[in-house]
Amino acid sequence: RVNDYLWLAEDGMKMQGYNGSQLWDCAFAAQAICATGLAGEYTECLRDAHKYLLNTQVLDDAPGKLTDWYRHISKGAWPFSTRDHGWPISDCSSEGLKAALCLEELGEQASGPRVPLKRLRDCVNVILSYQNSGSGGWATYENTRSHKWVESINPAETFGDIMIDYAYVECSSASLQALAAFKKRYPNDDKVPLIDRSAKRGAQFLKSIQRVDGSWYGSWAVCFTYGTWFGIKGLLACGSTFDTSPELRNAVSFLLSKQMANGGWGESYLSCQLKKYVQLTDGDASTACGDPVDHIVNTAWATLALCASGQAKRDPKPLHAAARALMRAQRANGDFPQQTIMGVFNNNCMITYANYRCIFPLWALGEYARAVHGVVPSPRVENVVSKRLGDTRGTERPPKTSRPDQETAYSSPSSIFVNQTKSFGKPPVVPVANDATAADPTPAAALKPVGSFGALSSAGDSSGVSSGNESPYTSDGGTERRRPKKSNSQKAKTSSKKKGKK
């Protein structure tokens with residue numbers, strides 16, 4: 001299986017410590033799509049994701065006597081990548097369980113065969129077994145088996161905090177969220193009393209490691225933004241509310257204090273090393289010199305945390321600004337730009353999660369749309385136009401054009417992406433799908449996007465997606481404005497047209 005770990009890059013041979021992050025990405029992506037309210041439009045994708053979850057769950061413990069090898073139980077867990085990798089992890093198991101329950105709620109017609117209840121209960125059993133008896137928190141691969149003082153004999157020059165498996169806010173929160181989701185789905189299951197006891201201890205652990213400024217240190221991504229998202233979600237899963245929990249209020253205040261003037265958040269990887277919040281800049285990354293810049297993944301994590309905490313009811317203005325920051329960054333083809341690295345482990349080692357740039361902004365915009373505009377997504381803009389023009393095609397999408405300046409706004413999870421107002425604190429206007437026969441219907445022209453890139457432009461900004469000279473058709477953010485390649489069918493049509501002219 002050497003090829004799973006080695007590959008030849010432009011600058012030489014590379015090696016990765018894992019054979020991928022397939023399960024991790026799949027679980028997050030499935031939850032993100034479900035959050036948009038548009039799962040019915042992507043059933044084939046979600047069926048494949050559900051099948052992958054079904055096929056990747058670890059079905060047996062490691063062979064032999066586990067205590068001889070100091071191995072934790074594995075049956076029912078989910079790994080970071082594939083079943084062949086086999087090593088179960090607390091937060092991967094939890095995100096896998098959350099995704100499975102999320103897809104199960106859609107029904108088999110939409111998401112395919114569900115994971116059997118027995119296997120879900122096996123996963124709950126694994127998650128409960130990962131909780132440390134002392135602290136009440138969750139580590140990664142195993143329980144915490146020794147004391148922190150052994151870190152003093154750490155022989156590694158690069159890796160920090162590796163001598164024992166510490167309890168983390170991310171693992172603890174993910175576990176608490178998964179257990180709460182299972183309880184909500186199966187409230188009469190025999191595991192529920194165990195889940196309730198686990199939640200009480202887990203909540204106390206999260207509170208005990210919260211920093212004075214209201215944040216949590218994130219150990220698996222950059223950094224306080226990531227950790228605080230998990231901290232907030234974990235406390236909410238345990239029944240805490242903004243009104244009753246000072247810890248939640250402090251966490252929300254921390255996030256709001258780090259929001260930038262343009263509505264986004266941007267945190268440097270230096271936060272992981274220095275263990276204090278360092279603003280991301282466009283200068284030398286190692287010194288944090290330069291002008292402050294935002295990052296779409298940090299912005300998405302903060303938005304998800306604020307939406308979950310009920311910010312839309314208290315004061316939605318920060319959410320409106322955050323949504324616009326994300327929409328400004330989106331490109332004409334729906335993709336988001338790859339920015340600075342966001343994954344990390346052992347304080348100093350960075351990991352590239354290429355899918356984060358799309359998963360989390362999509363997830364955040366979905367939660368924002370539901371929090372601000374309601375659970376049901378508003379109709380697609382082209383459908384509203386079709387109704388008012390008497391078009392009987394209904395849900396048929398207009399053809400995409402090759403030129404960015406002709407792009408039609410239909411790629412959004414709801415029509416919040418169009419007709420945006422210029423006022424910073426007001427939400428984008430949502431067109432109402434009136435009947436075609438209604439009096440004084442809104443003209444179709446009023447539903448056209450404001451900016452040259454339609455749904456992807458910022459509120460009142462006609463400059464299009466993102467600042468700079470980024471091409472919407474290049475993944476590397478280059479300035480070359482090449483057009484998308486035509487498919488074989490498109491080439492055939494073009495060829496036939498040319499022949500007809502002759």
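# A walk through a helical chain

The protein chain has 16 helices and 4 strands in its secondary structure. Keep in mind as we go that this is a predicted model. Of the chain's 502 residues, 49% count as buried, and about 24300 Å² is exposed, with carbon and sulfur atoms supplying 53% of that area. Contacts tell us something about the fold as well: among those between residues at least 6 apart in sequence, 66% join residues at least 24 apart.

Let's begin with the strands. Strand 1 (residues 6–9) and strand 2 (residues 12–15) run antiparallel and are joined by 4 bridges. Together they make a hairpin, with 2 residues between them. If you would like one pair to look for, Trp-7 has Lys-14 in strand 2 as its bridge partner.

Next comes helix 5 (residues 117–130). Its 14 residues should span 20 Å at 1.5 Å a residue, and the C-alpha atoms at its ends are indeed 20 Å apart, so the two values agree. The buried residues of helix 5 include Leu-120, Val-124, Ile-127 and Leu-128, along with Arg-119 and Asp-122. Packed against the buried residues of this helix you will find helix 2 (43–56), helix 3 (90–106), helix 6 (169–185) and helix 7 (192–209).

Helix 7 turns up again around helix 9, where it helps cover the buried residues together with helix 8 (224–237), helix 11 (296–309) and helix 12, among others. Helix 9 itself (residues 246–257) has 12 residues and reaches 16 Å from its first C-alpha to its last, close to the 16 Å expected. Glu-247, Leu-248, Ala-251, Val-252, Phe-254 and Leu-255 are buried here. Viewed down the axis of helix 9, these buried residues fall within an arc of 155°, so they line one face of the helix.

One residue of helix 12 deserves a visit: Gln-311, in the stretch of residues 311–314. Is Gln-311 buried or exposed? Its relative accessibility is 4%, and because buried means under 20%, Gln-311 counts as buried. Beyond its neighbours within four places in sequence, Gln-311 contacts Val-252, Leu-256, Leu-306, Pro-316, Pro-318 and Leu-319.

We can finish in the largest nonpolar core, which has 95 residues. Those with the most contacts inside this core are Leu-97, Trp-229, Trp-301, Tyr-356, Phe-360 and Trp-363. Select Trp-301 and, setting aside neighbours within four places in sequence, you will see contacts with residues including Trp-229, Met-342, Tyr-356 and Phe-360. Ala-221, Val-222, Thr-225 and Tyr-226 are also in contact with Trp-301.

How values were computed:
Residues are numbered from 1 along each chain as its sequence is written. This is a predicted model: local features need pLDDT of at least 70, side-chain atom pairs count only at pLDDT 80 or more; totals for chains, interfaces and linings use all residues. Side-chain values use heavy atoms; hydrogens and water are left out. Buried means under 20% relative accessible area, exposed over 50%, partly exposed in between (1.4 Å probe, protein chains only). Contact means heavy atoms within 4.5 Å. The expected span of a helix is 1.5 Å times one less than its number of residues. Accessible areas come from the Shrake-Rupley method with a 1.4 Å probe; for residues, only the protein chains shown count as cover. A nonpolar core is a set of buried Ala, Val, Leu, Ile, Met, Phe, Trp, Tyr and Cys residues joined through side-chain atoms within 4.5 Å. Two strands pair if DSSP finds at least two bridges between them. The arc is that of the directions from the helix axis to the C-beta atoms.
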